[in-house]
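Open the structure in a viewer and keep the selection panel at hand. The stops below are meant to be taken in order.

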Amino acid sequence: MKTIEQSLDNALIENVVTHTVDELTPRGLFNFNAPRQTLMGEGAILRIGEMLRHLGVSHVLVVADRVVHEKGLMRSMERSLERAGIEFTLYPGITREPDETVVATATELVARNRADFVLGFGGGSAIDAAKAIALAGSCKSSLQEMAEPGFSGRRTIGLGAVPTTAGTGSEVTDISVIMCADRQHKFVIKEVDLMPDLAIVDPALMLNLPPLVTAATGIDALTHAIEAYAARSSHPLAKALAICAVQSIAEALPVVVGNSGDMAARLTMATAAYKAGLAFSNSGLGLVHAISHQIGARYQLAHGIANGILLPYVMKFNALVCQRQYAAIAHMLGVTHSGMTEREQCMASIAAVRQLLCDIGLPGSLAGTSIHRDDFADIATGALADVCIRDNPRDVTQTDIVQLLEEACSTKEKN
Ligand SMILES: NC(=O)c1ccc[n+]([C@@H]2O[C@H](COP(=O)([O-])OP(=O)(O)OC[C@H]3O[C@@H](n4cnc5c(N)ncnc54)[C@H](O)[C@@H]3O)[C@@H](O)[C@H]2O)c1
Ligand SMILES: [Fe+2]
């Protein structure tokens, strides 16, 4: 007499031996791309020379913006490179939301100096520029070509990132966002080779970040975490990183906005932005980013501020299909208590995001911006064509986006 377990075992073995690997249909697979090396913690920047020497780098092109350069944030890096005997060229000409002309100018410096490594030092703007420069310098392609689906150019020049804001997570993403020369649209390039080889994350470089930039960049990280957690292509690894980032941001963001010199909270935020970046780079984003890519470019609205305004409106729209995910987020935001239904928890997560925006002094409505109602249809068309839309958990139409913008524009601040 065979036991039930034995019959099941036999059936399982039969299944395995009669299906060769080739015949199986892969399901639930996911790819995970991350920097080859990360050094994180207070004083990490002091090791940069040693790390680059270990990678065999001889000449680094360091790209940064003027503010970061003038504030002297790059001095420890310069000393470390000198000690390690690594040559470097500084290009402190990256503008906020860099455009293709800036990228082209810096790419020429790669060839002129025979740089074998490009380092982005600063916020997402400098790091995104470094990525585009390293790829363009390697394969001599234009941004237009690099943004084409199926682009096959490979990066041969090394790439590193030193973030000085805790937000975009650009140090761990395979994405670069660059403005077109008309400054009306953005190239959003997603390429495996845009993932930096090296990320050096030092919270000491973030201590002097002004409260408004701290708040806006921190909300960008929260948006990454929430969108990655609920994205259609999300998977267990991305979800684990995203949910953990939500909890850290809820704890540390108000602290760093109110006390810029709190090193422990700065490290918590830097780590959370890193986790959220890894999560969304490997799983996708959603409607918040699809819209903010359009309005940021048109109305010169800082990326984090645009995301923060849109986030609760998009969550409300997506709640129809995301109740369980948003309930989990509410738990991490610390706004659940026993006896609450899943629906109540879901709604509590949206209210908590609004409250956080208000607490850290960010706007809760588009009413105070220069956005025009006449542009809503164009913005919606752009958002529907944006690479981020395909991972939004709920299907979206043109009318949905226009309605959402109407709501987000209502003069009454929702906070
Ligand atoms: N690649 C990605 O995955 C990704 C994700 C989200 C956003 N982005 C892009 O990143 C850009 C936004 O990046 P950001 O939000 O980090 O802003 P940012 O890089 O534009 O920097 C904002 C401002 O803060 C200043 N600053 C930076 N670090 C400082 C410091 N330590 N002390 C004082 N001032 C400092 C800068 O000089 C700048 O004026 C946008 O172009 C956005 O599209 C990229
Ligand atoms: Fe973002």
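The tour starts at the ligand, moves to the strands, and ends in the helices and loops.

**Stop 1: the ligand and its shell**

Bear in mind throughout that this is a predicted model. Select ligand 1 and display the residues around it. The shell comprises 30 residues, and the closest are Asp65, Ser125, Asp128, Thr164 and Thr173. Colour the shell by class: 10 residues are nonpolar, 12 are polar and eight are charged.

Next, show the side chains of Asp65, Ser125 and Asp128. Asp65 places a polar side-chain atom 2.7 Å from an oxygen atom of ligand 1. For Ser125, a polar side-chain atom is likewise found 2.7 Å from an oxygen atom of the ligand. With Asp128 the ligand atom is a nitrogen, which lies 2.7 Å from an N or O atom in the Asp128 side chain. How much of ligand 1 does the protein cover? Of the 870 Å² of accessible area that the ligand has on its own, 94% is covered by the protein.

Now colour by domain. Domain 1 (37-206) and domain 2 (211-409) each contribute at least three residues to the shell around ligand 1. Then colour by secondary structure and look for α3 (66-70), α6 (124-139), β6 (175-179) and α8 (211-230), each of which supplies at least two shell residues.

**Stop 2: strand β6**

Keep β6 from that list and select 175-179. Are its residues buried or exposed? Five of the five are buried, so the strand is mostly covered, with burial here meaning under 20% relative accessible area. Turn the strand to view its two sides. Ile175, Val177 and Met179 point one way, while Ser176 and Ile178 point the other way. In a regular strand, side chains alternate between the two faces of the sheet.

Pick Ile175, a residue of β6. Its relative accessibility is 14%, so Ile175 counts as buried. For a distance check, pick the C-alpha atoms of Ile175 and Arg390: these residues are 215 apart in sequence and 16 Å apart in space.

**Stop 3: the β6-β7 hairpin**

Add strand β7 (residues 186-190), which runs antiparallel to β6 and is joined to it by five bridges. Two facing pairs can be picked out. Ile175 is opposite Lys190 in β7, and Met179 is opposite Lys186 in β7.

Follow the chain between the two strands, where the hairpin has six residues. Which of them takes a positive phi? It is Arg183, with a value near 55°.

**Stop 4: strand β8 and its partners**

Select β8 (residues 198-201). Leu198 and Ile200 lie on one side of β8, Ala199 and Val201 on the other, and all of these are buried, so that both faces are covered under the 20% limit.

Add strand β1 (residues 37-40), which pairs with β8 in the parallel sense over four bridges. Gln37 has Leu198 of β8 as its bridge partner. Then add strand β5 (residues 158-163), which also runs parallel to β8 and is joined to it by two bridges. Here the facing pair to pick is Ala161 and Ala199, the latter in β8.

**Stop 5: helix α9**

Go to helix α9 (residues 236-258) and select Val255. Val255 has a relative accessible area of 33%, and is therefore partly exposed. Pick the C-alpha atom of Ala265 as well: Val255 and Ala265 are 10 residues apart along the chain, and their C-alpha atoms are separated by 6.6 Å.

**Stop 6: two loop residues**

Most residues other than glycine have a negative phi. The last two selections depart from that.

Lys140 lies in the loop between α6 and α7 (143-147). Its phi is positive, near 50°. With a relative accessible area of 67%, Lys140 is exposed.

Gln300 is in the loop between α11 (287-299) and α12 (303-332). Gln300 is not a glycine, yet has a positive phi of about 50°. Is Gln300 buried or exposed? Its relative accessible area is 62%, so Gln300 is exposed.

Methods
Residues numbered from 1 in each chain as written. Chains lettered and ligands numbered in written order. Predicted model: local features only at pLDDT ≥ 70, side-chain atom pairs only at ≥ 80, totals over all residues. Heavy atoms only, no water. Near = heavy atom within 4 Å. Polar contact = N/O pair within 3.5 Å; in protein donor to acceptor, adjacent residues only side chain to side chain. Areas by Shrake-Rupley, 256 points an atom, 1.4 Å probe, with all protein chains shown as cover. Nonpolar A, V, L, I, M, F, W, Y, C, P; charged D, E, K, R; others polar. Domains from an automatic or database assignment. Buried < 20%, exposed > 50% of the residue type's maximum accessible area, 1.4 Å probe, protein only. Pairing = 2+ DSSP bridges.
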